[in-house]
Structure formats: structure tokens, C-alpha cells
Amino acid sequence: MPVIPAHYKMDIISNITDELQVKKWQVEAAVKLIDEGNTIPFISRYRKEATGALNDEQLRKLGERLTYLRNLEDRKATVIASITEQGKMTPELRAQIDAAMTMVVVEDLYRPYKQKKRTRATIAREKGLEGLAVIIRLSRTNLSLEEEAKAFIDEEKGVETAEDAIAGAKDIIAEDISDVADYRLKIRELTFTHGNLVCQAKDSDAESVYEMYYDFSSPLTKMTGYRTLAINRGEKEKILTVKIEAPVDRIIEYLNHQIIVKANPNTEECLKEAILDSYTRLIAPSIERELRNRLTEDAEDGAITVFGKNLTQLLMQPPIAGRTVLGWDPAFRTGCKLAVVDSTGKVLDTVVIYPTAPQNRVEEAKATVKKLIKKYNISLISCGNGTASRESEAIIADLIREIPEDVQYVIVNEAGASVYSASELATEEFPQFDVGQRSAASIARRLQDPLAELVKIDPKAIGVGQYQHDMNQKKLGEALDGVVEDCVNRVGVDLNTASAPLLEHISGINKQLAKNIVAYREANGRFITRKDLLKVPKLGPKAFEQCAGFMRINGGKNPLDSTSVHPESYEAATALLTKAGFSTEDITAGTLKGLSLIVRNYKGLSEELGIGEITLQDIVKELEKPGRDPREEMPKPVLRSDVMNMEDLKPGMILSGTVRNVIDFGAFVDIGVHQDGLVHISQLTNKKFIKHPMEVVSVGDIVQVKVLSVDIAKKRIQLSMII
């Protein structure tokens with residue numbers, strides 16, 4: 001890798017500071033911490049003083065930009081070294097490369113100096129036609145072009161006529177024009193600002209989900225992300241043809257003005273032909289590719305952001321603790337698989353029943369379920385929303401009406417359950433079960449503790465995104481992994497019960513360390529203190545520093561181990577308690593609720609204790625509510641005891657529902673009829689103008705909706721939140 005001269009290095013810190021609208025010292029501190037190998041959750045939670053309390057979202061954005069800008073610097077160094085080696089570097093060019101803020105601009109500047117494949121222009125140069133190209137370009141001739149061209153005829157080199165010479169010269173001029181970075185920059189800007197994306201159907205009579213794009217045109221500046229991704233998919237499936245209509249006349253006028261510096265009737269027409277050829281053959285196709293890529297990248301970034309926020313809401317749904325749950329994986333021919341899962345997540349029993357077609361053994365199935373309810377004191381049924389869910393729900397509702405026990409049910413989004421049940425992880429966890437039984441257990445557990453269960457599934461399979469299979473999978477995967485990591489660390493884990501798949505998302509813990517922790521626990525019994533983590537093979541001081549605060553030990557030697565207070569602050573926390581007249585034993589007794597009223601002077605006390613003021617505030621907050629679960633603040637799932645069908649819906653009905661997915665043009669809401677209804681963005685609110693549905697709703701929200709229309713044939717329900 002070439003070394004970047006000091007005077008060429010952009011001020012990455014200043015650029016990120018401007019982009020994030022934060023202080024320069026905050027960025028400097030965050031970059032230093034990242035470079036030292038600290039994770040985003042650790043920095044966000046335990047290095048607030050250093051970064052000025054930058055949150056995980058800001059830190060991830062900072063990390064992304066840091067990587068991009070450093071890669072940009074590396075690319076600049078390579079380009080500078082290459083051009084310098086060719087002996088073609090000038091102070092002006094170096095300044096342009098230095099000022100470039102994107103890879104696209106760097107590549108534009110490098111284009112004339114790249115080693116090219118054999119082109120029409122290189123062939124023309126080999127034939128000795130460079131001189132004629134210069135004459136035409138500079139309009140330096142009093143002779144007719146044909147007369148000038150005769151001097152370049154060389155039959156041995158394949159230039160047999162004046163027309164051959166002129167054609168070759170035009171090829172050279174066209175390529176030279178296409179290599180000028182300033183021209184490309186202006187043409188890209190003109191095309192984006194004044195161009196349109198145009199779609200046509202390959203077969204306008206064919207029915208498809210892309211019919212709204214069969215004759216579609218939109219200014220590039222107004223293309224929405226979801227339309228871009230839908231059009232890309234339609235093109236990929238060979239249903240749509242897509243092109244960019246550029247303002248060709250304006251572009252050619254601009255190029256003519258830049259290139260034809262001297263009026264000369266002998267060369268002007270030829271030069272205009274070369275300009276038009278340069279644009280249509282060389283510039284336009286690559287600009288179209290670049291702009292299509294730009295639209296796609298912007299759409300992907302937007303969709304990934306929405307996906308990440310939806311996933312956050314889903315993972316942070318509150319657990320339903322302390323209840324034995326019956327997981328119900330509905331099916332027709334193969335029967336409904338049931339799994340009884342106790343309040344700790346342990347599977348107590350599994351069974352298969354056949355209440356649905358073709359067997360229709362409803363009464364036998366009900367009898368089996370009633371016995372399970374009585375035997376295991378089941379108070380909640382978690383039914384998947386897949387095939388045969390509607391029929392299963394009707395049976396469950398009937399059964400609840402027939403029994404004296406107080407039982408409720410929830411229809412759970414089972415997206416990804418089949419992926420998990422067939423995975424190697426599920427095989428390790430439930431070697432004695434088939435895929436159906438594993439799926440039923442997962443459906444029960446994702447109600448008991450959504451986070452602990454959903455981390456076992458690839459986030460892309462959870463089903464809260466939009467066009468996720470059409471995106472850059474690496475970028476999507478990294479973003480969603482970051483979301484999972486942030487959620488798991490925000491909640492924390494019980495070190496003595498957490499599974500390896502959950503542990504591997506904890507700050508500083510990788511897949512192997514997670515397995516080592518579980519293996520150590522199985523071999524040596526419960527962890528008594530957080531320090532015991534240092535006895536786990538390959539878990540060194542750095543990993544301990546990163547993970548310890550997110551690991552909880554209930555009933556251990558030190559009550560502070562059950563809190564999110566980091567071991568590095570134990571001394572300060574103990575001194576704080578002593579000063580306030582308490583001891584660490586009061587943590588488990590739950591008698592510290594008034595601690596914040598006792599601590600008056602945070603600044604003075606933090607200096608006395610030798611910790612930061614923000615850290616002190618966090619410690620006080622945590623000690624008042626030790627082990628507080630942030631998910632408690634989220635909307636609880638809607639528990640049902642009766643069933644409703646789509647046929648029961650009537651326009652004007654007001655219902656309560658759960659937001660299942662949020663996309664660019666609206667939100668899908670589960671109102672308990674096995675078909676989510678769409679609340680279009682225009683129907684979300686009339687109190688303010690919104691650019692995106694996420695300004696109003698999130699996945700998991702419980703909302704009141706009004707039925708606008710029902711189309712049973714097409715299974716479409718239009719809803720409104722404007723009531």
C-alpha cells in the first residue's frame with residue numbers, strides 16, 4: 001500500500017465532525033477508542049465521558065464513515081502513486097485528488113491515466129492519427145479536413161483513405177473528451193437534476209405485481225427508495241425495461257461550448273460529431289450505470305435503516321415472564337405440532353394433533369389440549385401465523401370458551417421459525433425433536449423472550465424488511481448484526497442461563513468464546529462472580545473489560561454483579577453506597593429507590609469518587625432499579641380470547657391492532673383476522689406532514705385503526721389511524 005504524503009491526508013476527523021454535527025473532541029475520542037479495539041456497545045455504555053455520551057447509532061455511523069474515508073485515502077494514495085510513476089502528475093491534479101470527497105470523483109480523475117483495454121482510440125493512436133485529432137480539436141487548419149487527412153493515409157497501418165483517418169481521429173477525440181473529469185461531473189449533475197427514470201413493460205398485457213410501472217416516468221430527483229427497489233426487481237425478473245432519459249440537448253450544448261473554442265467551418269462539424277459520439281457511446285452508458293447504482297445504494301441505505309428500526313422494535317418487545325406457554329405450529333396434512341414450554345424456556349412436552357383438513361379430528365385435538373392445559377397449568381397459547389393459522393385460531397378460541405381455566409392466546413409472527421428449526425443450532429439444542437417440534441418450541445419461546453429466541457435466526461429471515469433479498473447482502477448483514485448487538489447489550493444477559501447464540505452478541509464475545517462460556521458453566525456449575533469469566537479459556541482481560549458490564553449474575557457473591565455497573569466502577573459504587581448510608585446488600589433488598597434524592601452535588605461527588613459525572617449518574621440510576629429491563633417500557637403484546645374473520649370486517653369499524661411491519665409507504669397492522677391491513681402513509685395522521693411512517697409508528701406499537709375497505713378476493717384491507 002503506497003504511503004500517503006502528510007500534506008495529502010484529508011482531515012477525516014473534521015469531515016466526520018461536520019457530518020455528524022458533533023464536537024471534534026468527541027470524534028477524536030471515539031476514533032481512538034475504536035482503534036483500540038473497543039466495541040460500539042462498550043463505548044456507548046461505559047465511555048460516555050470520553051465521547052460526550054455519543055449513542056450507539058451515532059457511533060455506528062461514525063465507524064462507517066471512518067472506514068469509508070480511510071479507504072478513500074488509501075485509494076487516493078494508490079492513484080497518486082500510479083500517476084506519479086507515469087510522470088504525469090501536476091500540482092493541479094494533486095490538489096484535485098486531495099480535495100475529492102468520494103470514490104467516484106477519484107475514479108473520474110484517474111480515468112485518463114488508467115491502463116485501458118484495447119479501444120477504438122488506442123487502435124487509432126497506433127495508426128498515427130493523434131496529430132490529426134489535435135488539428136481537429138484545436139481547429140488549426142485553413143485546409144479542408146479531407147485535405148489535412150490525406151497526410152495521414154498509411155496503407156501499411158490500415159489507413160487507406162482520408163475518411164479512415166478522420167474516423168480514427170474522431171475516435172481519439174471522443175475518448176479524450178470522455179476522460180475529462182470536469183465534463184463527467186457536470187454531465188452527471190445535469191442528468192441527475194433534469195433526467196427521468198423511465199419504465200416500460202416488455203408485455204403490457206401480462207399480469208404482475210409491477211403493473212403500476214408498465215408505463216412509468218419519474219424525475220430522478222423524486223425517485224423514492226421503495227420504487228427504485230421494486231423497479232430493479234421488475235427489471236431483474238425481465239418484466240420491465242428501464243432506462244434513464246437524460247437532457248441530451250443541454251448536455252451536448254454544454255460540451256460544444258466547452259470544446260469548440262474556435263469557430264472553423266473546416267473542422268466544426270467533425271468536432272460536433274466526435275462530441276456526440278463521445279457522449280452517446282462512452283459517457284452516457286457509464287453515467288446511467290453510476291446514477292442507477294446511486295439510486296439503488298440510496299434506496300438500500302434507506303431500506304436498511306427502516307429494516308434496522310423495525311428489527312430493533314421487534315427484538316425489544318417485552319417478554320411475557322412467569323407463564324407456561326403452549327407453542328402451536330399450525331399445519332394441515334402433517335398436523336399441528338405443539339410444545340409445552342415452562343417459564344424458564346424448558347420444553348416439558350410435545351405432541352402432534354390433527355384438527356385441520358384433511359383429518360379434521362377437532363374434538364380429539366381439543367381433548368388433548370385440554371389435558372395439557374390442566375397438567376401443566378398453561379395460561380397462554382402462542383400460535384404461529386403460517387399455513388392453517390386461521391383454522392387453528394378458530395379451534396383455540398372455541399376451546400377457550402369450553403374450559404374453566406383462564407387461558408389467552410397470541411398469534412405470533414413465525415417468520416424464520418422454519419429456518420431455525422432446520423438449522424444446525426436447533427439440531428444441537430433439540431436433538432431428540434423433529435423440525436415441527438422445534439418450530440413449536442421456538443414459537444412459544446419467542447413470546448416468552450423475543451430477544452433470546454430471535455437472535456438464533458438470521459435477521460434477514462425475520463420478515464420485518466422490504467425487498468431485503470434485492471439488497472447488498474453484506475451491507476444488510478452488517479447493519480442488522482449491529483442492530484442485534486445493540487439490542488442484546490442494551491438488555492444484558494443472565495450469565496448463568498444465557499444460550500451460546502445469545503452470548504455471542506455480547507460486546508467482546510465471539511462465537512467461540514460464547515461456546516467456551518457455556519462449556520465452562522456446564523463443567524464447573526454456576527458463575528459466582530463476574531471475575532470467574534477470566535477462568536474461561538481464551539477469555540482475556542480485554543474481552544472481560546468489553547463484556548463484563550453486560551453479563552448479569554443473580555444470587556452471586558457480589559450484588560453489584562446483578563447490575564449493569566461495570567466492575568471497573570465497583571469501588572466507586574461501594575463508596576457511594578457507604579456515603580449514602582447503604583451497603584451493597586441493599587441492592588438485592590431493593591431499598592435504594594430514593595438514592596437519587598440523596599445525591600445532590602453530582603459534580604463534587606464524582607470528583608470525590610474519582611469517576612466521571614455521567615458515569616455517576618448512570619450508577620445511581622442503575623442502583624435505584626438494579627437489572628432494569630428496558631423492554632418493560634415497550635408496548636405489550638395483545639392477548640386474545642376470541643377470534644374474528646376477515647368477513648366480519650365492515651368499513652367504519654374501530655379496532656385495536658399491532659404494527660407488524662413499517663415500510664416507506666405505510667404500515668401493516670395485525671387486527672386479528674389473519675391478514676394484515678395496510679395503513680397508507682396518508683392515513684397515519686392528519687396532525688402534521690410526515691416524510692416517513694416511522695415518524696408516527698414502530699413495529700410492536702398497539703394502535704387504534706378504522707377499517708376503510710375490505711377486498712376479500714384480493715385479501716386486502718385498507719385501514720386508517722385518522723379516527
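# Close-up views of a predicted model

**View 1. Lysine 366, a buried residue with a relative accessible area of 5%, in a salt bridge with glutamate 402.** The view is taken from a predicted model, and the distances in this legend and those below are computed from its atoms. The closest N and O atoms of lysine 366 and glutamate 402 are 2.8 Å apart. The two residues belong to distant parts of the chain, lysine 366 lying in helix H16 and glutamate 402 in helix H17 (residues 389-402), with their positions 36 residues apart. Are the partners of this pair buried or partly exposed? Lysine 366 falls in the buried class because its relative accessible area, 5%, is under the 20% cut-off, whereas glutamate 402, at 40% relative accessibility, counts as partly exposed.

**View 2. A salt bridge between glutamate 647 and arginine 390.** In this pair the closest N and O atoms are 2.6 Å apart. Glutamate 647 is found in the loop between H30 and strand S11 (654-663), while arginine 390 sits in helix H17, so that the contact links distant parts of the chain, 257 residues apart. Both partners are partly exposed, glutamate 647 with a relative accessible area of 41% and arginine 390 with one of 30%. For the structure as a whole, the search for such pairs finds 51 salt bridges.

**View 3. Lysine 542 and glutamate 545, a salt bridge within helix H25.** Here the closest N and O atoms are 3.3 Å apart. Lysine 542 and glutamate 545 are separated by about one helical turn, because they are 3 residues apart in helix H25 (residues 541-547). Lysine 542 counts as partly exposed at 37% relative accessibility, and glutamate 545 is likewise partly exposed, with a relative accessible area of 22%. Which residues are joined with this pair through shared partners? Salt bridges that have partners in common connect Arg47, Lys542, Glu545 and Glu568 into one network.

**View 4. Helix H29 (residues 602-609) and its buried residues.** The buried residues of H29 are Tyr602, Leu605, Ser606 and Leu609. When the helix is seen down its axis, these buried residues fall within an arc of 100 degrees, and they therefore line one face of H29. The face turned away from the buried side carries the exposed residues Glu607 and Glu608. Against which helices do the buried residues pack? Their packing partners are helix H26 (570-579), helix H28 (595-598) and helix H30 (613-624). At the N-terminal end, H29 is capped by asparagine 601, a side-chain oxygen of which lies 3.4 Å from the backbone nitrogen of lysine 603. Just after the helix, glycine 610 takes a positive phi of about 75 degrees.

**View 5. The loop between strand S6 (347-353) and helix H16 (362-376), with proline 358 and asparagine 360.** Most residues other than glycine have a negative phi, and most peptide bonds are trans. In this loop, the peptide bond that runs from alanine 357 to proline 358 is cis, with omega near 5 degrees. Asparagine 360 adopts a positive phi of about 55 degrees although it is not a glycine. With a relative accessibility of 48%, asparagine 360 counts as partly exposed.

**View 6. Lysine 715, a residue with a positive phi in the loop between strands S14 and S15.** The phi of lysine 715 is about 55 degrees, although the residue is not a glycine. The strands on either side of the loop are S14 (702-711) and S15 (716-720). Lysine 715 counts as exposed because its relative accessibility, 53%, is over the 50% cut-off.

**View 7. Cysteine 383 and cysteine 547 in a structure where the search finds 0 disulfides.** Cysteine 383 is in no disulfide, and the nearest cysteine sulfur, which belongs to cysteine 336, is 7.5 Å away. Cysteine 383 is buried, with a relative accessible area of 0%. Cysteine 547 is also in no disulfide, the nearest cysteine sulfur being that of cysteine 487, at 19 Å. Cysteine 547, too, is buried, and its relative accessible area is 0%. For both residues the separation to the nearest cysteine sulfur, 7.5 Å for cysteine 383 and 19 Å for cysteine 547, may be set against the cut-off of 2.5 Å within which a pair of cysteine sulfur atoms counts as a disulfide.

Note on methods:
Residues are numbered from 1 along each chain as its sequence is written. This is a predicted model: local features need pLDDT of at least 70, side-chain atom pairs count only at pLDDT 80 or more; totals for chains, interfaces and linings use all residues. Side-chain values use heavy atoms; hydrogens and water are left out. Buried means under 20% relative accessible area, exposed over 50%, partly exposed in between (1.4 Å probe, protein chains only). Helices (H or I, at least four residues) and strands (E, at least two) are DSSP runs, numbered from the N terminus. The arc is that of the directions from the helix axis to the C-beta atoms. Contact means heavy atoms within 4.5 Å. A polar contact is a pair of N or O atoms within 3.5 Å; within protein, one must be able to donate a hydrogen and the other to accept it, and residues adjacent in sequence count only if both atoms are side-chain atoms. A salt bridge is a side-chain nitrogen of Lys or Arg within 4 Å of a carboxyl oxygen of Asp or Glu.
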